[in-house]
Amino acid sequence: MTHVTEQRPPAAPDTPVQGHRSAAPLATALVHGAVAAGLGLGALAVLVTAAWIASPFPDSGPGGALHTAAGLWLLAHGGDLLRTGTVSGVPAPLGVTPLLLTVLPLWLAHRAARDTLDRDGGPVPSPLGAAAAVTGGYLLVAAAVVVYTEAGTLPAELLATGAWTPVTVLAAAGTGVWTARGRPLPDRERYALALRAAGLALVALAAGGALLAAASLLWHVGDAQASFDGLAGEWSGRAALALLVLALLPNAVVWGLAYGLGPGFSLGTGALVTPLGFTGTPAVPDFPLLAALPGEGPGRWPHWAAAAVPAVAAVVLGRLVGRAARHRSGKETALTALCASAACGTAVAVLSALAGGPLGSGRLLAFGPVWWRTGAAAVLWCAVVGLPVAFAVRAWGRRAERKARERAAEAAAPAARAVAGPGHQGAPGGAAGAVSGGASGPGGPARPSVPGSADGDSAPGPGVQGARTASDGARESTAGALAALDALEALDALDDEGGDEGYGFLPAAWEPPSRSAPPGPGPGAGPHPGPSSPHPGPTAEAPQPPEPSREPAPSDYSRTPSVSCSGFGSRSLQASWLCLVRASARHS
């Protein structure tokens with residue numbers, strides 16, 4: 001019996017593996033996720049422990065500080081906590097996530113997933129497997145932390161923690177996988193453009209929200225300072241309170257953009273703050289950032305001016321879509337703008353859900369922006385304002401391109417007319433007729449017949465127009481210009497032979513002084529036989545015997561004229577026209 005063993009080639013490095021060999025890369029990704037969770041938890045524990053050490057009168061021991069750090073770490077992932085030390089003895093929920101605390105844990109999860117796929121060598125798991133493994137390792141640590149917090153004063157609320165923590169970790173790991181794969185966008189250009197436009201609109205909204213929050217804080221800086229001084233007396237308490245305010249500054253930015261969008265935010269059940277006014281009775285705890293809220297009563301024009309924030313963001317979105325949609329249909333432009341609006345509204349809704357939440361029981365159950373209202377308002381602003389802006393920018397871009405083409409055509413028309421002018425409009429010196437088709441007789445090949453030459457008694461053959469108008473095309477114009485050049489060159493050659501007694505016997509101003517005048521041609525010299533007379537120059541020499549006459553070769557008349565004009569300027573008026581025509585042909 002013969003056994004045949006099939007050997008498979010080893011897996012290439014940095015390629016996804018399958019089967020039993022995929023266990024090692026997945027285990028590595030699982031460890032990466034657990035290490036990322038441990039690093040984030042450890043960093044927060046160090047910060048809370050340092051604040052506990054600096055406190056002159058701590059409420060609990062080091063164990064209480066570690067339980068507080070664990071609770072804050074879960075709160076940073078979107079989970080809710082329960083405050084057990086209330087006056088009534090009933091646990092009160094705490095669900096406002098300090099958005100600045102979420103940066104480090106989510107960045108660590110993002111980097112863990114990215115490094116899992118971005119390895120120098122060896123097998124790597126599939127993108128989906130890497131994201132799932134990193135998330136699984138991270139959630140194992142999170143589950144241990146949830147169990148640990150049950151013995152402290154801030155235990156985790158299981159329902160909210162179990163719903164939000166996996167979502168935020170998976171989103172961070174997914175962005176890490178996306179980064180490792182080169183940040184690819186969807187194949188369809190519409191969705192890629194919509195994501196870019198939504199990102200820019202979100203940045204504009206965040207900048208506007210930060211501006212509104214800063215303006216309100218500066219307007220009520222006295223109240224904010226009084227609240228800060230009342231809550232913290234010692235320097236350690238001031239430092240801890242300053243860190244908490246810093247961690248909640250991104251929340252203030254989200255509250256500001258929610259205020260500008262129109263829905264505003266809640267200050268407890270029954271109290272709402274919008275640009276139109278402050279309604280209801282607020283349940284506001286004493287805190288420096290909350291001291292910068294607008295005053296109660298109807299809004300005035302400074303409050304209404306907050307609507308400029310979503311308007312500017314919508315204009316940014318529409319401008320980007322319109323500039324990229326110049327060569328697209330109106331339907332494609334509208335769909336792209338609507339997709340960008342939906343993406344921007346989704347991001348705003350998620351941020352609003354994280355920035356708000358309960359601060360206690362009773363009236364404090366609703367605190368901050370209402371996520372679905374804020375997200376819907378963002379979609380409406382971007383769609384209602386951004387869509388017309390996109391169409392307007394698209395139409396303006398098309399108009400500008402059309403005007404640019406018309407200006408280019410108008411700028412090219414004079415050059416084309418200059419090339420066709422000598423043969424079409426009748427230049428002096430014989431250029432009006434350009435070139436007549438040379439008579440083909442028994443004496444030789446056809447050659448141009450120029451008026452005023454010695455052989456002008458022969459009747460010209462069938463005329464061929466030397467240059468045509470610019471509308472006939474660049475090819476016909478160039479052919480006509482070259483024919484005109486041949487005619488003018490023939491005139492200049494005749495002038496050198498003696499056809500014009502008044503020109504050609506002195507050198508040009510730029511010619512060297514040692515250059516002598518051209519010798520008198522013989523009876524057969526030049527391209528056209530005719531009468532000749534000697535032209536004495538400044539330094540006369542002995543006359544040279546005439547060269548035997550020859551018939552001009554066809555190449556003498558079919559060659560392409562040179563562009564240089566250096567030797568014709570002072571010899572004849574026709575040569576000057578020749579220089580001008582050559583220069584026009586060269587530049588066109």
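## A small sheet and a helix pair

Strand 1 (residues 80-83) and strand 3 (residues 156-157) run antiparallel and are joined by two bridges. Keep in mind that you're looking at a predicted model. One spot to find on screen is leucine 81, which stands opposite alanine 156 in strand 3.

Strand 1 also pairs with strand 2 (residues 92-94), again in the antiparallel sense, this time over three bridges. Here you can look for leucine 82, whose bridge partner in strand 2 is proline 93.

Here are the two pairings side by side:

| Strand pair | Sense | Bridges | A facing pair |
|---|---|---|---|
| Strand 1 and strand 3 | antiparallel | two bridges | leucine 81 and alanine 156 |
| Strand 1 and strand 2 | antiparallel | three bridges | leucine 82 and proline 93 |

Put together, the three strands make an open sheet with the order 2-1-3 and antiparallel pairing. Strand 2 and strand 3 stand at the edges with a single partner strand each, so one side of each has no neighbour in the sheet.

Now for the helices. How are two packed helices described? By the angle between their axes and the distance between the axes. For helix 1 (residues 23-54) and helix 3 (residues 103-117), the angle is about 155 degrees and the axes lie 9 Å apart. Angles over 145 degrees count as roughly antiparallel, and helix 1 and helix 3 are therefore roughly antiparallel to each other. Their crossing is right-handed.

Which residues meet where helix 1 and helix 3 touch? Helix 1 brings Ala29, His32, Gly33, Ala36, Leu39, Gly40 and Ala43, and helix 3 brings Leu104, Leu108, Ala109, Ala112 and Thr116. Sorted by class, this contact of helix 1 with helix 3 has eight nonpolar residues, four polar ones and no charged ones.

Finally, zoom out to the whole protein chain. It has 15 helices and 10 strands. Of its 588 residues, 37% count as buried. And what about contacts along the chain? Looking at contacts in the protein chain with a separation of 6 or more, 71% are between residues 24 or more positions apart.

Note on methods:
Residues numbered from 1 in each chain as written. Predicted model: local features only at pLDDT ≥ 70, side-chain atom pairs only at ≥ 80, totals over all residues. Heavy atoms only, no water. Pairing = 2+ DSSP bridges. Helix = DSSP H or I, 4+ residues; strand = E, 2+ residues; numbered from the N terminus. Axes fitted to C-alpha atoms, helices over the stretch in contact; angles between N-to-C directions. Parallel < 35°, antiparallel > 145°, perpendicular 65-115°, else oblique. Left-handed = near helix turned anticlockwise from the far one by under 90°. Contact = heavy atoms within 4.5 Å. Nonpolar A, V, L, I, M, F, W, Y, C, P; charged D, E, K, R; others polar. Buried < 20%, exposed > 50% of the residue type's maximum accessible area, 1.4 Å probe, protein only.
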